[in-house]
Amino acid sequence: MDIFESLDAIFQPKSIAVIGASNRAGKIGHSVITNLIDSKYEGPIYPINPKEEQILGLKAYASVSDVPGDIDAAVLIVPAKFALQVTKECGEKGVKGLIVIASGFSEMGKTDLEHEMVKLAHGYGMKVLGPNIVGVLSNSDKLNASFAPCLPLPGGAALVSQSGALLIAMDTSTYTRRVGFDKLISIGNMSDVDFGDCVSWLDADENTSAITLYIEGNRDGRKFMKAAQKATKPILALKSGISAHGAAAAASHTGSLAGAAKVYSAAFQQAGIVQATDLNNLFDRTLALTLQPPLRGDNLLIITNGGGVGVLATDAAERYGIPLTFAPKDVQAELKKHMPEFGSAKNPVDVTGMAGTDWYVESCGYAITHPWLDGLVVLYCETAVTDPMEIAKGVKQAIDQSGIKDKPVAISFVGGERSDAAIRWLVENGIPAYDAPDTAINAMAALREYAKIKENAAGATEYKTSGNREAALKIIEGARADGRDSLTEIEAKLVFAAYGMSVTKNILSTSEDDAVRLANEIGYPVVMKIVSPDILHKSDAGGVKVNVKDDAGVREAYQTILKNAKAYKADADVHGVVVQEMAPWGTEVILGSVNDPTFGPTMMFGLGGIFVEVLKDVTFRVTPVSPVQAKNMLTEINGAPILEGVRGEAPRDRKALADTIVKYSQMVYELADEISESDANPVLVYEDGKALKVADARIILKKK
Ligand code: COA
């Protein structure tokens, strides 16, 4: 049986056994049978209970082995201590997949039991959903194999939730929020079926039009990213638990700046996943992503009958990354014909409080067809002279009659019960409608983000290395042979250079005379630094002298550096003093890498100095980083204008910087088994065309 066959059996079972079914009301085993019956499940239901003849009118069996027909999925609602025995019985019966509602596994430390259950199940070709879950719900399959109260409001979304409680909470709220779901899938401990499996399966499911994820943590981040990258449907994720993790023990800058939030955001971007900020946002964005096409450009037009809501929407558009521009003159001239003289045809288009249905219909019908327009937001404030339902129906008709299907529309009606009824009607008729203008704009922003990240994620899988892995490994092996788990600066720069990065010239000196000779060879001024695997923070140890200008200076610096190093750490293993080319001043940036527990080697970019120390103005990516993603990283930090050239300064060489990010990412990706953390800090970036230099480098190896 292949994975998909077993997943089909779990998500769309043709027959289902409920092990631990009960006649006692209030028990989960009772509720699941009730739900299967109430949801009008069409396949056979086999309640399994050793003591009962019948459960809720259905014939009960003592064991799955007594069931006469085939069983696609078995729902396990017996205490965890019976899990192995029941799994074995299911396997022998030929059950295809297990839905394990029971708790009492890894979530309370019984990881071995969970692993054993999965191993046993796999031996019979069964996949395991759970344990510790609420179950599976599917409108299109009339399946409520869960103890959630009811099937959700029907619609095109599918929710995969790691939290059972959140799934239950969302289930009934789908009715009050009017956001329709076809499936709700609880994945609990993810002992086997994980987010990656669910995304792949749902992407192929004809009843799912958008996938919504509630993620607490994820084990195989790379598998998840691959599944999402391949998906053709919008995916929206809400990630909780975003406080920093692992930061305390970090030995590098990057380590202290990496947190789940930043790394997950990076992974979402690279995998083409849109993010939600909270539960409300998850519902609002799900609605838009299930009902509307992506927003493929930035030209958003707002049509409103109220200036106030128009301004609020304008502010929101800027906040959510789709700032408004004025419509072209011809669009303005045409729109002017469909409003009173005191209206405004700029953007927002204010058809004024006097606007009746006709003016909305005419302006929406015209605007949506104009090639300039990429998306339309219609705002309405309830007035005594208008009927919200009539306007809703008019706008919908205008959109339908235009024949345009590839430009998204979102609506906000602000008012009382009549507006609320109009909102409901619009949603039921395929247009996302909200009760606040900024929510409608946020929905549009989700459609814009979806279009953008899909574009950026395309091509991210093409990979061509520019590194010499063998040469890098040799240097690492040399350090390991010395019994070290960090490289010296010289070694680290050699590894960087093996991956094609431009590093400052540096040569190790082991005596004062040697240092003078090398300084003359490199050319004054030079930088001198202590080389010791025991001194990672060289400046703190007084082990760095910059701008050393002559032979006498070299001699003095050599002595001072050694004296300081001895005072800092008397037993430090000192290899000597490195003499370095003093790179000219450039804009300081930092590159770095850490190994994330979920996504593996992950890299960071930011401006150096105060930007990284105080403002933590950095951005992350899971490696390898594609050229497109590297370019995006440069624009994502708040300090981006500094690279673009501010106050008359020439722009920095962003092409060289993006190229170095790609190379750096290849280095940490290909040496993932070796490198634990690394930094290039500072990297000095020069004017356009003048490239950059890595001035200092640090590599900390994985302990072996
Ligand atoms: N095969 C079939 N039925 C069996 C059985 C077996 N091997 N062993 C026991 N049963 C029957 C019991 O007789 C009982 O039926 P009854 O009500 O007719 O007596 C039924 O299965 C349930 O067993 P019981 O021992 O009463 O357990 P329970 O109902 O109190 O609890 C769980 C079982 C699975 C619900 C409980 O262990 C559990 O894990 N609860 C948490 C579930 C949860 O919260 N999930 C995650 C949500 S996010």
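Student: Before we get to the sheets, when do two strands count as paired here?

Tutor: Two strands pair if DSSP finds at least two bridges between them. Keep in mind that this is a predicted model.

Student: Okay, so what's the strand order in the seven-stranded sheet?

Tutor: The order is β9-β8-β11-β10-β12-β13-β14. The sheet is open, and its pairing is mixed.

Student: Which strands stand at the edges, and why is one side of each left without a neighbour?

Tutor: Those are β9 (143-146) and β14 (274-276). Each has a single partner strand, so one side of each has no neighbour in the sheet.

Student: How much are neighbouring strands turned against each other there?

Tutor: On average by 15 degrees, with direction ignored.

Student: Zoom in on β8 and β9 for me. Parallel or antiparallel?

Tutor: Antiparallel, with four bridges joining β8 (residues 135-138) to β9. One residue pair to look at is Leu137, whose bridge partner in β9 is Asn144.

Student: And which strands does helix α1 lie across?

Tutor: Helix α1 (residues 3-11) lies across β8, β9 and β11 (181-186). Its direction is at about 80 degrees to β8. Helix α5 (residues 164-177) packs on the sheet too, and touches β8, β10 (157-161), β11 and β12 (210-215). The angle between the directions of α5 and β11 is about 165 degrees.

Student: Switching to the ligand. Which residues come nearest?

Tutor: Ser22, Arg24, Lys27, Lys51 and Ser103, out of 24 residues around the ligand.

Student: What do the two lysines do, distance-wise?

Tutor: Lys27 has a polar side-chain atom 2.4 Å from a ligand oxygen atom. For Lys51, a polar side-chain atom is 2.8 Å from an oxygen atom of the ligand.

Student: And Ser103, backbone or side chain?

Tutor: Backbone: a polar backbone atom of Ser103 is 2.7 Å from an oxygen atom of the ligand.

Student: How much of the ligand does the protein cover?

Tutor: The protein covers 75% of the 950 Å² of accessible area that the ligand has on its own.

Student: How does the shell divide into nonpolar, polar and charged?

Tutor: The shell around the ligand has 14 nonpolar residues, six polar ones and four charged ones.

Student: Now the four-stranded sheet. What's its order?

Tutor: β20-β23-β21-β22, in an open sheet with antiparallel pairing. At its edges are β20 (506-509) and β22 (544-548); each has a single partner strand, so one side of each lacks a neighbour in the sheet. Neighbouring strands are turned by 25 degrees on average, direction ignored.

Student: How many bridges join β20 to β23?

Tutor: Four, between β20 and β23 (residues 576-581), and the two strands run antiparallel. Within that pairing, Ile507 has Val579 in β23 as its bridge partner.

Student: Which strands do helices α18 and α20 lie across?

Tutor: Helix α18 (residues 489-498) lies across β20, β21 (526-531) and β23, at about 150 degrees to β20. Helix α20 (residues 551-568) lies across β20, β21, β22 and β23, at about 25 degrees to β21.

Student: Last topic, backbone oddities. Where are the cis peptide bonds?

Tutor: One joins Thr623 and Pro624, with omega about -5 degrees. Pro624 sits in the loop between β26 (618-622) and α22 (627-636). Another joins Asn681 and Pro682, with omega about 5 degrees. Pro682 is in strand β27 (residues 675-685).

Student: What's the phi of Lys40?

Tutor: Near 65 degrees, which is positive in a residue other than glycine. Lys40 is in the loop between α2 (28-38) and β2 (45-48).

Student: Why flag that sort of thing?

Tutor: Because most residues other than glycine have a negative phi, and most peptide bonds are trans.

Technical notes: Residues are numbered from 1 along each chain as its sequence is written. This is a predicted model: local features need pLDDT of at least 70, side-chain atom pairs count only at pLDDT 80 or more; totals for chains, interfaces and linings use all residues. Side-chain values use heavy atoms; hydrogens and water are left out. Axes are lines fitted to C-alpha atoms, for helices over the stretch in contact, and angles run from 0 to 180 degrees between N-to-C directions. Contact means heavy atoms within 4.5 Å. A residue is near a molecule or strand if one of its heavy atoms lies within 4 Å of it. A polar contact is a pair of N or O atoms within 3.5 Å; within protein, one must be able to donate a hydrogen and the other to accept it, and residues adjacent in sequence count only if both atoms are side-chain atoms. Accessible areas come from the Shrake-Rupley method with a 1.4 Å probe; for residues, only the protein chains shown count as cover. Ala, Val, Leu, Ile, Met, Phe, Trp, Tyr, Cys and Pro count as nonpolar, Asp, Glu, Lys and Arg as charged, and the others, Gly among them, as polar.
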